[in-house]
Amino acid sequence: MDRLLSNKWTIAAFVAPALLIFLGVVIVPLFITGYYSLFDYNGLSKMEFAGVENYKRLFTNDPLFLQSLKNMSILIFGSVFVQIPIAFLIANKLAKGVPGEKAFRTIYFIPVVIAATIIGKLFYYIFSADVGMVNALVRALGVPDFHFNWLTNPGTAFLCVAFAAIWQYIGYHMLILYAGIKSISTDYFEAAMIDGATGAKATWHVTVPLLAPVIKVCVVLAAVGSVKTYDIVVSMVGSGTHSGTQVPAILLWRNLFKGRLVGYGSAQAFFLVSVCLIMSYLINRMFKKSEENASMS
Amino acid sequence: MRNKLLAILLVVMMVFMFSACTSSTPPPAGDNGDDGNGVEAEQVSINLWHIYVDETDENRVTTEKVIAEYMDAHPNVKIEQHILQDADYKTKMLTEFSGSASNIDIFSYWGAGRAGDIVNAGKMLCIEDYLSPDKVAAIKHGADNNFRYGGKLYGLPMASWMMVLYCNVELFEDNNIALPETYDEWLDACKKFDAAGIIPVALGGGVDDGWQAAFVYEALVNRIVGALNEAKVLDDMAGFAGNDGFVEAAEKMVEMNAANAFGKSPLEIDEVTSNVQFFSGVAAMRLTGSWFTTNVYTDEDSVVAGKVTALPIPIVPGGNGKDTDYVGGFIDGWFVNAATQHPEVVADLAWELSVAMGTHQHEIGEGFTAFNYPTDESGLTPLGKEVSALANRMVDGMVAWDTFLPGDLADIHIDACQALLAARANVGAFIEEYTKIFD
C-alpha cells in the first residue's frame with residue numbers, strides 16, 4: 001500500500017478528479033470572466049474589445065461602485081475589529097468554563113445556521129420605521145410621535161445592515177476560537193500562573209499568541225466574507241442604491257444580470273476576486289511571524 | 001476468452017437498457033394524434049414562459065385557458081408552462097438568450113428597448129412572416145409601435161394599460177376633501193389626509209418595487225412635459241438637460257414626499273403592502289396601472305369595492321401635458337424565439353394568446369385590446385366602466401420608462417426615482433444622473 005501511495009502516477013490519479021473539477025468550476029470561469037471584462041458586451045450584442053476601459057470606469061466614472069467599496073471597507077473593519085474581538089471574548093469566557101457552557105455555545109451559534117435572508121427580515125422588524133422595535137421603544141419611552149426611517153435614511157441605513165451582518169457571524173468565529181482555546185495545553189496557563197500572570201494578563205500573553213493561527217483563519221474568513229456580502233443586504237433593504245446601502249456583490253449582480261453589462265460586470269467580478277486573493281495573501285503575511293512563534297511554543 | 005464474452009454480454013445489456021430508456025411510447029389506441037386525414041401529425045412540444053405567478057391573476061387564468069383549448073384543438077401539440085416572478089424572469093430571459101435559449105419557444109415580454117436587444121441579436125422570430133395579412137391588419141393602428149423593429153413586426157401586443165389615480169370616495173367624503181383635479185388640489189388633499197392620520201397615496205416604492213417610485217415621477221413628467229415631448233426625449237435619448245419640466249417634476253415629487261403624500265416610509269414597503277393599504281381602507285389613493293381595477297373587487301383583503309373612483313393624473317396648471325395625455329400604452333406582449341423548431345405553430349399560439357388576453361383584459365376593464373375585434377363590455381364592473389371611459393378620451397401616451405429603456409438605464413432610472421423619496425433627496429444630483437443617461 002505504501003509503495004502504491006508513493007507512486008507519483010497513483011497520487012496524480014487520486015488528485016486528478018478534484019483538480020479537474022476545481023479547474024472546471026473555478027479557474028476556467030475565472031479566466032473567462034477576466035476575458036469578458038476586456039470587452040464591451042451586453043450578452044446579446046457583438047463583443048467589442050475595450051481593453052482596460054471597464055476597469056478605468058470602475059474608479060473614475062462609477063460613484064455607486066466607489067460607495068460600495070466604502071461600504072465593503074466598513075464591513076471588513078467591523079468584522080475584523082468588532083466581530084472577532086467580541087467572538088474572542090465570548091469564546092475565552094466559555095472555554096474557561098462557565099455553568100451551561102454547552103448550552104451557551106449552541107445559543108451563540110444559532111444565528112449562524114439561520115439563513116441570512118431570515119436574519120435580514122428579523123432585523124428589518126427591529127429597524128423598520130413603521131413596525132420596528134427601535135422606534136416603538138423610543139415611542140414607549142415618551143416620544144409618542146417619534147418616527148425615523150433607519151433603513152432608508154442614507155445616514156443610518158448601511159450601519160443597520162452592517163450591524164446585522166456583524167452580529168450574525170459572531171457565533172461562527174466564537175466556535176472556531178473556542179475550539180482553538182480548548183486545544184491549548186493547560187500547562188501554559190499553569191506556568192503563567194506561577195509567573196504571576198492571571199486573568200487578562202494570561203489571556204493577552206498566553207492565549208492570544210498561541211491562538212494566532214486560529215485568529216488568522218478567522219480574520220481571513222471575516223474579511224473575505226465581508227467582500228461577498230449580498231443576501232442580508234437584499235433582504236433588509238433590497239438591491240436599490242437610493243439609501244447608499246449597495247455592496248459590490250449587489251452591483252455586480254445588477255450589472256451582470258439586470259443591466260446586461262456583461263463586460264463591465266465581469267470587470268467588477270474580476271476585481272472582487274483579486275481583492276479577496278490579495279487580502280488573503282496580506283493577512284497571511286501579517287500573521288506569518290505570530291504563527292511561527294506559536295508553532296515554536 | 002471468458003472476459004471477452006463477459007464484456008460483449010455487458011455491452012449488449014447496456015445497449016438494451018439505453019434503448020429501453022429512450023424509446024418513445026406510441027400513443028395509446030384512440031388517442032387522436034393525426035392530422036384529420038388519417039396521417040399521423042408531427043408531435044410538437046412547446047415551452048411557454050410567462051410571469052403570471054399568481055393563480056388568480058386574470059392573465060394567468062386566460063393563459064391557461066388558451067393553452068388548454070389549443071392543446072384540445074391540436075392533439076399533436078404539447079405545451080409546457082414555465083412561470084417565474086417578474087425580476088427573476090427578466091434575468092432568466094437575458095441569461096437564456098445570451099445562449100441559444102433552446103428551452104424557450106414562446107414567451108411573454110416587453111416591447112421597445114427590452115425586446116430590442118434580442119431582436120438586434122437576431123434571436124427573435126419576425127412573427128409577421130408567419131401571420132396572414134388579415135391578422136396583421138386586425139391589429140389596431142399604433143398598437144404595434146413598440147413591437148416593430150426596422151418596420152417588421154417581431155411581437156404581438158395584447159392590451160394597453162393606463163395609469164390611473166384610484167380614490168377611495170368614502171374617505172374623501174368622510175374627511176370633507178374634494179377629489180383632486182390639479183396638482184395643487186392633489187397636494188392639498190394629501191396634506192389633509194396626512195393630518196387626519198390617513199395615508200394619502202399608498203406607494204410601495206421600496207425593496208425591489210422601485211418602479212412604483214418611478215410611476216410618480218413619470219406621472220408628473222407626463223403632466224408637466226407632455227406625453228409627446230417626453231416620448232421624443234426617450235426616443236432620441238437627447239433633450240433632457242435643456243428641459244426644465246423634468247426638473248420641476250422632480251421638485252414636485254420631493255414636495256409631495258415632504259408632505260408625507262406617500263406615507264412616512266414609502267421606501268420601506270413593497271407593492272403588495274401598498275395594495276393592501278388601499279384595499280383595507282388605510283390609504284385614500286393609489287396611483288397605479290389599470291390592471292389594478294379588477295383587484296379592487298376580487299382581492300381577499302379588499303373592503304373598498306364600490307367605494308372607489310378612477311381619476312386621471314391631476315393636471316399641472318401651466319404644464320405642457322394635456323388632459324388627454326396618459327401614462328401607459330401597449331408594451332406587454334408575446335414573442336417567439338427565432339430558434340424554435342416549430343415557428344408556424346408557435347406563431348399561431350402567440351396570436352391566440354394575444355387576442356384572447358387582449359380581449360379579456362378589455363372586457364374586465366383592466367386594459368384595452370390591441371385588436372379590431374368585437375368585445376363584450378356587458379360584464380364590466382362600475383369601476384371598469386369608469387376606467388374604460390377614461391381611456392376612451394385619452395390621445396397621446398408614453399409607456400413606463402423602465403419598460404422602454406434598456407435594462408441598465410432602467411435600473412438607473414428606478415434608483416434615481418427612489419432617491420427622490422429618500423431623506424436628503426437631491427434634485428440637482430437627480431438631474432445630473434439623468435443628463436448623463438440622456439445627453
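Me: What's the mean pLDDT of chain B?
Reply: Chain B averages a pLDDT of 88, that being the predictor's confidence in each residue, from 0 to 100. In chain B, 91% of residues reach 70 or more.

Me: Where is the pLDDT below 50 in chain B?
Reply: Over residues 14–33 of chain B. Beyond near neighbours in sequence, that stretch has four contacts in the model (contact means heavy atoms within 4.5 Å).

Me: Any ground rules?
Reply: This is a predicted model, where local features need pLDDT of at least 70 and side-chain atom pairs count only at pLDDT 80 or more, while totals for chains, interfaces and linings use all residues. Residues are numbered from 1 along each chain as its sequence is written, chains are lettered from A and ligands numbered from 1 in the order in which they are written, and side-chain values use heavy atoms, leaving out hydrogens and water.

Me: OK, the complex. What ipTM does the predictor give it?
Reply: 0.76, with a pTM of 0.80.

Me: How many residues are in contact between chain A and chain B?
Reply: 28 residues of chain A touch 27 of chain B.

Me: And how much area is buried there?
Reply: About 2500 Å², with carbon and sulfur atoms giving 48%. Buried area is the accessible area (1.4 Å probe) that two parts lose on being put together, summed over both.

Me: Which residues of chain A lose the most area to chain B?
Reply: Leu44(A), His242(A) and Arg260(A), which together make up 30% of what the chain A side buries.
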